[in-house]
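Biologist: Please choose a single part of this model, look at it closely, and then connect it to what surrounds it. I would like each term to come with its cut-offs, since I want to compare them with my own settings.

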Amino acid sequence: VAMINTLLSPSIGIVNRVIKAMGGQAVYFMGSEKYFRPVYIVSTIWQNTGWSAIVYLCALTSIDPSLYEAAIVDGASKWSVFRYVTLPHLRPAIILVLTLGMIGTWQVFDQMYVMTQGGPAKTTLTPAYLSYQSAFTQQHWGQGAAIAFLLFAFFLGFALRFDSCFLSVS
């Protein structure tokens, strides 16, 4: 968050310096409804790419090389090898990354709190941040607990739903 704030700062940010050098006006990315969501999406992708790459690399290295050799001997094209050998073995890793990504998206609190504290125009208000705000800022403890419980129930259902995908792949 500190790095994103520094890069996009209206006064000292590298991005705004480039914009000014090209004859444009500085943009307050963190305070703009129009720009904040794309900035957040790009920063989240950047943040999670390394971990996802490690998961996929581990899954790729666990595929038996003899499967590739057999497919090539049988005359399979590169696309067929990917579709029928690689992709089925990557299925558990893909499901893991997508499931944890979905759960992580609904749980976002720290970035929103540090970056904007719910603004601009509440575009960064997530369920986890709403639960915190209800309980600790407005002191509506019951509402905050109810939101947290619903999030827990949603995550539990989501995780149990996709648990069968892990069990079905041997």
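Modeller: A residue counts as buried when its relative accessible area is under 20%, as exposed when that area is over 50%, and as partly exposed in between, with a 1.4 Å probe and protein chains only. The model is a predicted one, in which local features need pLDDT of at least 70 and side-chain atom pairs count only at pLDDT 80 or more, whereas totals for chains, interfaces and linings use all residues. Residues are numbered from 1 along each chain as its sequence is written, and side-chain values use heavy atoms, with hydrogens and water left out.

The part I have chosen is helix H5, which covers residues 78–106; helices are DSSP runs of H or I with at least four residues, strands are runs of E with at least two, and both are numbered from the N terminus. H5 bends by about 45 degrees at Leu87, and the proline Pro88 follows within four residues. The bend is the angle between two fitted axes, one for the seven residues ending at a residue and one for the seven starting there. Buried residues in H5 include Val81, Val85, Thr86, Leu90 and Ala93, and Ile95, Val97, Thr99 and Ile103 are also among them.

Thr86 deserves a closer look, as a residue of H5 that counts as buried because its relative accessibility is 7%. When neighbours within four places in sequence are left aside, Thr86 is in contact (heavy atoms within 4.5 Å) with Leu60, Ile63, Tyr68 and Val81. The loop between H3 and helix H4 (65–73) holds Ser62, which is exposed because its relative accessible area is 57%. The C-alpha atoms of Ser62 and His89 are separated by 8.5 Å, although these residues are 27 apart along the chain.

Towards the other end of the numbering, Thr105 and Pro127 are 22 residues apart in sequence, with their C-alpha atoms 9.7 Å apart in space. Pro127 belongs to helix H7 and, with a relative accessible area of 25%, is partly exposed. Apart from residues up to four places away in sequence, Pro127 touches Trp106, Ile147 and Leu151.

Beyond H5, the largest nonpolar core has 11 residues, among them Ile4, Phe29, Val108 and Met115; such a core is a set of buried Ala, Val, Leu, Ile, Met, Phe, Trp, Tyr and Cys residues joined through side-chain atoms within 4.5 Å. Two or more of its residues come from each of helix H1 (2–8), helix H3 (33–61) and helix H6 (110–115), and H3 gives the most, with three residues. Ser43, also in H3, is buried at a relative accessible area of 8%, and outside its neighbours within four places in sequence it is in contact with Ile4 and Met115.

Finally, the loop between helix H7 (127–137) and H8 contains Gln139, a residue other than glycine whose phi is positive, near 55 degrees. For comparison, most residues other than glycine have a negative phi. Gln139 counts as exposed, at 52% relative accessibility. Leu150 is placed in helix H8 (residues 141–168) and is exposed as well, with a relative accessible area of 59%.
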